[in-house]
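User: I would like a close look at one helix pair in this model, followed by a connected account of how other parts are put together.
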Amino acid sequence: MWFSPLLLLGLSLAPAFGVAAVPNLSDVCTTTYIQSALPADGFIQGITPSSTSVTANPVTNYTLAAGSTNPSKTGLDFCNVTFSYTHAGRPVPVNLWFWLPSPSQFQNRFLATGGGGLAITSGQRGLGPGLAHGAATATTDGGLGGWGSDLGRVVLRGGGGALDHDALQAFGHRAIHEMSVLGGELTRKFYGSAPEQRIFSYFHGCSEGGREGWSQVQRYGGQFDGVAVGAPAFRQAFQQVLHLFSAVVENARGYYPPPCELERIANDTIAACDGLDGRMDGVVGRTDLCKLRYDAGQSVGKPYSCDASAGSGGGAPPPTTMERRQFGGGGPRPAAQGTVTAEAAAVAKDIWKGVFDSQGRQVYVSFQPSASFSDAATTFNASTGAYEATVSGFGVQYVNLFLREVNSSSLSLANVTTDTLRGWMLEGMQKFSDTLQTTWPDLEDFRDAGGKVIHYHGESDDSVPAASSVMYHDAVRRTMYPGAPANESYAALDDWYRLFLVPGAGHCGPSPLQPNGPFPQSVLQSLIDWVEEGVNPTRLNATVLSGPSEGEEQKLCSFPLRPQWNEEVMDCVYDQESIDTWLPTLDSIPVPVY
């Protein structure tokens, strides 16, 4: 159930039960007490917290449901708090939302959280996991217009043709920073912590939230002790335009496969590549080897079939993963059956290969074999009786709102080529280098302050290519340790920044096509153990959350090592040929891409 900040105020809840600490939750969870604990005016220069905006109410015996990155937990007591602040000369309020554990459950931790898509907040979904670790947890609306708004709604001033650069800066990095500084001070004052008492500061987010985490590491080195970032949607000039690439491939090939034809190819790929890591478990643990050894042409001639779909209305089932990111992908379609064509296999191979310009130079990476073909989902045109390419909603938003600066949901790909995509990528790379790109590779301040990063990414991610994370990890290694031999630079990086590729996982969670795969559900605990106890996660804990092996605990290898099973024992091996598949040349881009 979703609890909005205001709805929680109206709940009739029992007082805190069994709390031994003094003061107890009911003593401190009042509007008056929160007002007294607000950071002072000017605590951040030019920022004024609003005491009249404060809301506070206690919640007891809360149950945190299990999620991809948190186990379930019961018996949680916390103070649900909101307040707003304004900047000097700018009347737009920025709203903050905190869940503050009861004094008896507080463990001297603060957790900042991020959003997803073009939203800077995940709301309650992001706040809950912090409670399980005794962390005062925070989220912000970034001044973008409330908890239901996002950057796409406000980036054009008045809906017209001028970018709101203040909103871009807030979304890009400033709002999370302000929330974290104000939240740390509120936490200290709320619990009456002594100046010498250390409060550990953490961040966790996935997708856009992962990009937000990196925005803080790159700009505010001493702000967090530990950061857990999943599938970060950074390098947005490339990432968002990439969402249009699959449809451009279909147009170039002149072939528009029914969604279930590509699904057959995806399932065949998983079946064929399952055992490349030495273990048959329905999970592709080595997409790198799959890329080297598997050809989508092996599906040609194999049968596929799918039932009719009523679309997104009239009581129809919710849209599939392939449909959610499309403007037209949720429409009705008839039952389809046939055999996989050579044309469909060619589309799949082009998508796996990545973006190349008309001169044969590489522009950007794409999704790994075994990821679903979400961006290639087609729409059935009942008038023509044929399938058509569908433009991705994220791609359309980016080109129209951010590049063309027009408020439109229409974008024709009729004359769009990979050269066009390259042009859009370069334009965005220049235009948003200080806000949405978020790829600065020099992290010296963070490292020297003792910060730790756990960076994870599903290998079968169909929204943010797993290779994009490997590219950044390698850029940091080469920048921070120039000229050092590979083994030495990887070892030095591992002391404070580790990247884990998650076998079979999709975008920020297990893949529906590979449900037996593990996921780092306890990533926050692993980060806390590293920061507070010095336990470097040479192999990251992961849990199988569904499928035949549900509940099984596994370990993830730290890149560049890759998993290889020998019967029931997994080893983490170094494979240069494998590493090379992850690192593109991008020789079409005239400047370094970090």
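At roughly what angle do the axes of helix 17 (residues 466-480) and helix 18 (residues 486-494) cross?

Analyst: This is a predicted model, in which local features need pLDDT of at least 70 and side-chain atom pairs count only at pLDDT 80 or more, while totals for chains, interfaces and linings use all residues. Residues are numbered from 1 along each chain as its sequence is written, and side-chain values use heavy atoms, with hydrogens and water left out.

The axes of helix 17 and helix 18 cross at roughly 105° and come within 10 Å (axes are lines fitted to C-alpha atoms over the stretch in contact, with angles from 0 to 180 degrees between N-to-C directions; helices are DSSP runs of H or I of at least four residues, and strands E runs of at least two, numbered from the N terminus). The two helices are therefore roughly perpendicular to each other (65 to 115 degrees; under 35 is roughly parallel, over 145 roughly antiparallel, the rest oblique). On the side of helix 17, the residues that meet the partner are His473, Asp474, Val476 and Arg477, and helix 18 offers Ala486, Ser489, Tyr490 and Leu493 (contact is heavy atoms within 4.5 Å). By class this contact divides into 4 nonpolar, 2 polar and 2 charged residues (nonpolar being Ala, Val, Leu, Ile, Met, Phe, Trp, Tyr, Cys and Pro, charged Asp, Glu, Lys and Arg, and polar the others, Gly among them).

Another helix pair can be set beside this one. Helix 9 (residues 245-253) and helix 13 (residues 342-353) have axes that come within 10 Å and cross at roughly 140°, and these two helices are therefore oblique to each other. Phe245, Ser246, Val249, Glu250 and Arg253 of helix 9 make the contact with Ala346, Val347, Asp350 and Ile351 of helix 13, a set with 5 nonpolar, 1 polar and 3 charged residues. Within helix 9, the buried residues are Phe245, Ser246, Ala247, Val248, Val249 and Glu250 (buried is under 20% relative accessible area, exposed over 50%, partly exposed in between, with a 1.4 Å probe and protein chains only). Serine 246 counts as buried because its relative accessibility is 3%, and, leaving aside neighbours within four places in sequence, serine 246 is in contact with Ile351, Asp375 and Ala376. Glycine 254, with a positive phi near 65°, follows helix 9.

Turning to the strands, strand 5 (residues 135-140) is mostly covered, with 6 of its 6 residues buried. Ala135, Thr137 and Thr139 point one way from strand 5, whereas Ala136, Ala138 and Thr140 point the other way. Strand 3 (residues 90-101) runs antiparallel to strand 5 and is joined to it by 4 bridges (strands pair if DSSP finds at least two bridges between them), and phenylalanine 98 stands opposite alanine 138 of strand 5. Strand 4 pairs with strand 5 in the parallel sense, also over 4 bridges, with arginine 109 opposite alanine 135. Phenylalanine 110, found in strand 4 (residues 109-113), counts as buried at 2% relative accessibility.

An open sheet of 3 strands has the order 16-17-18 with antiparallel pairing. Strand 16 (518-519) and strand 18 (553-557) stand at its edges, each with a single partner strand, so one side of each is left without a neighbour in the sheet. Strand 17 (residues 539-544) pairs with strand 18 over 5 bridges, and threonine 543 stands opposite glutamate 553 of strand 18.
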